[in-house]
Every structure is written in C-alpha cells, then in structure tokens.
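Biologist: Before we get into the labels, can you put the model up? I'd like to ask what stands behind each one.

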Amino acid sequence: MEGGAYGAGKAGSGVDPVAFLKQPQTILRILCWIFSIVVFASIVNEGYVNKGNNQLYCVFNKNDDACNYGISIGITAFFICILYITLDFYFPQLSSIKDRKRVVMADLGLSGIWTFLWFVSFCFLANQWQYTPSENLPLNQGADAARAAVAFSFFSILSWVSTSWCFPQGSTVAAIDLQPHGARVPRSTRTTVCLEFARSPCH
C-alpha cells in the first residue's frame, strides 16, 4: 500500500482484513476491549454479595460507588474500543487530510484520558478491596471477581498507555531546520520542513 497523508494508504485503497488484524495497534485495541469485558463482567456477575438477606452489597467494602465506577468505565471502554477498531479499519478510506488528523488527534487524546481513568479505577478498587473485611465475604463469595476486576484494571492501564505510544505508529511530528553544513542561520531564513503524522504500524 502506498503511503498517503497521515500514514494511511491513498483514499479509496482496499484494506486487507488479515493484515489489519496483525497490526500492533489493532492487537492492542482488542486487548483493551477484552480487558474491559473482564472488568465489568466480573463486577456485574459476582461483584455483589448478600449476607443471608435479600439486600445485595458491593464486594468492594460495601461501597456501591466502587462497583458502579468499575462497571461504568468497563462498559464505556468496551464501546470506545469497538468504535476505534472500526475507525482504524476504514481510516484508509478517508479522503480528507483534516478528517484524518481529527481521528488521529482524538485517538491520542482518548488513549491518554482512558489511561488515567483506568489508573483511577485500579487505585479505587484496590483500595476498597484492601479494606474489605473477611466477614463481608461469606464463603469467600465474590473474592475472585474482585481480584479479577483489580488485576484487569491494572492491565488496562498498560494496554491503553501502549496505544498512546503506538498512536503515531512509527511517525514523528517535528519541525526540522535545514542548515547548510551545520551552520546556524537566522530564523527568518530557515527552511522548515514539517513531518506529518503517520498511521503505519508501530515499530
């Protein structure tokens, strides 16, 4: 595939699904998607326990905010991953450089935001789990789900921060001053070359 603006192939070029699935960025997004499923599914299925009555308590120190946060961030991340996998697949079809730039910049911004949100999730859930007394968990009910939610919140930090690193995917955004023989020339006479973003597979 010939390179186009922002690293995509020329607008209208075809996409090889197998090659697309092998790209590091796609693999990372799928991992983010799987980790989000594990977090919210663990809490939804086994994150609430009862102690001989009909009232359910959040397994994280009876703090409903902890369970609600884990479920909310997991479900939201689930749909965002699907959205960006779809955008990645159709990215070569975008003919407008401005549209490509918006997608790339939004990608970077969301990756950073979700890295932070998963960090909050990990700290919040781990803290509440640490202070959960054993008597709140009859027969150790819900313990495995709680540990899974905490662990995969941490794994999500790594996967989302990796998408941030892979965001430029081997590209550089910089201004290079072309100076003859290494000599310093006045800024007004410098020739500046802007290197655009590229969405080729990260190295």
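Modeller: Let's start with contacts in the protein chain between residues at least 6 apart in sequence: 76% of them join residues at least 24 apart. Contact here means heavy atoms within 4.5 Å. This is a predicted model, where local features need pLDDT of at least 70, side-chain atom pairs count only at pLDDT 80 or more, and totals for chains, interfaces and linings use all residues. Residues are numbered from 1 along each chain as its sequence is written, and side-chain values use heavy atoms, with hydrogens and water left out.

Biologist: What pattern does the protein chain follow along the sequence?

Modeller: The order is α-α-β-β-α-α-α-β-β, from five helices and four strands. Those are DSSP runs numbered from the N terminus (helices H or I, at least four residues; strands E, at least two).

Biologist: How do you know that the length of H2 agrees with its expected span?

Modeller: The expected span is 1.5 Å times one less than the number of residues. The 23 residues of H2 should therefore span 33 Å, and the end C-alpha atoms are 33 Å apart, so the two agree.

Biologist: Leucine 31 sits in that helix, residues 24-46. Why is leucine 31 called partly exposed?

Modeller: Buried means under 20% relative accessible area and exposed over 50%, with partly exposed in between (1.4 Å probe, protein chains only). Leucine 31 has 33%, so partly exposed is the label. Leu31 also joins Ile27 and Ile34 in a nonpolar surface patch, with about 220 Å² of accessible area together. Patch members have over 30% relative accessible area and no salt bridge (a side-chain nitrogen of Lys or Arg within 4 Å of a carboxyl oxygen of Asp or Glu). Like charges are joined within 9 Å, nonpolar side chains (Val, Leu, Ile, Met, Phe, Trp, Tyr) within 5 Å. The areas come from the Shrake-Rupley method with a 1.4 Å probe; for residues, only the protein chains shown count as cover.

Biologist: And what makes alanine 143 buried?

Modeller: Its relative accessible area is 0%, so alanine 143 is buried. Alanine 143 belongs to helix H5, residues 143-166.

Biologist: What makes a set of residues a nonpolar core?

Modeller: They are buried Ala, Val, Leu, Ile, Met, Phe, Trp, Tyr and Cys residues joined through side-chain atoms within 4.5 Å. The largest one has 25 residues, with Trp160 among those with the most contacts inside it. H3 gives the largest share of this core, eight residues. Tryptophan 160 also touches residues beyond its four-place sequence neighbours, including Cys32, Ala77 and Trp118.

Definitions and conventions. Lists of a residue's contacts leave out its neighbours within four places in sequence.
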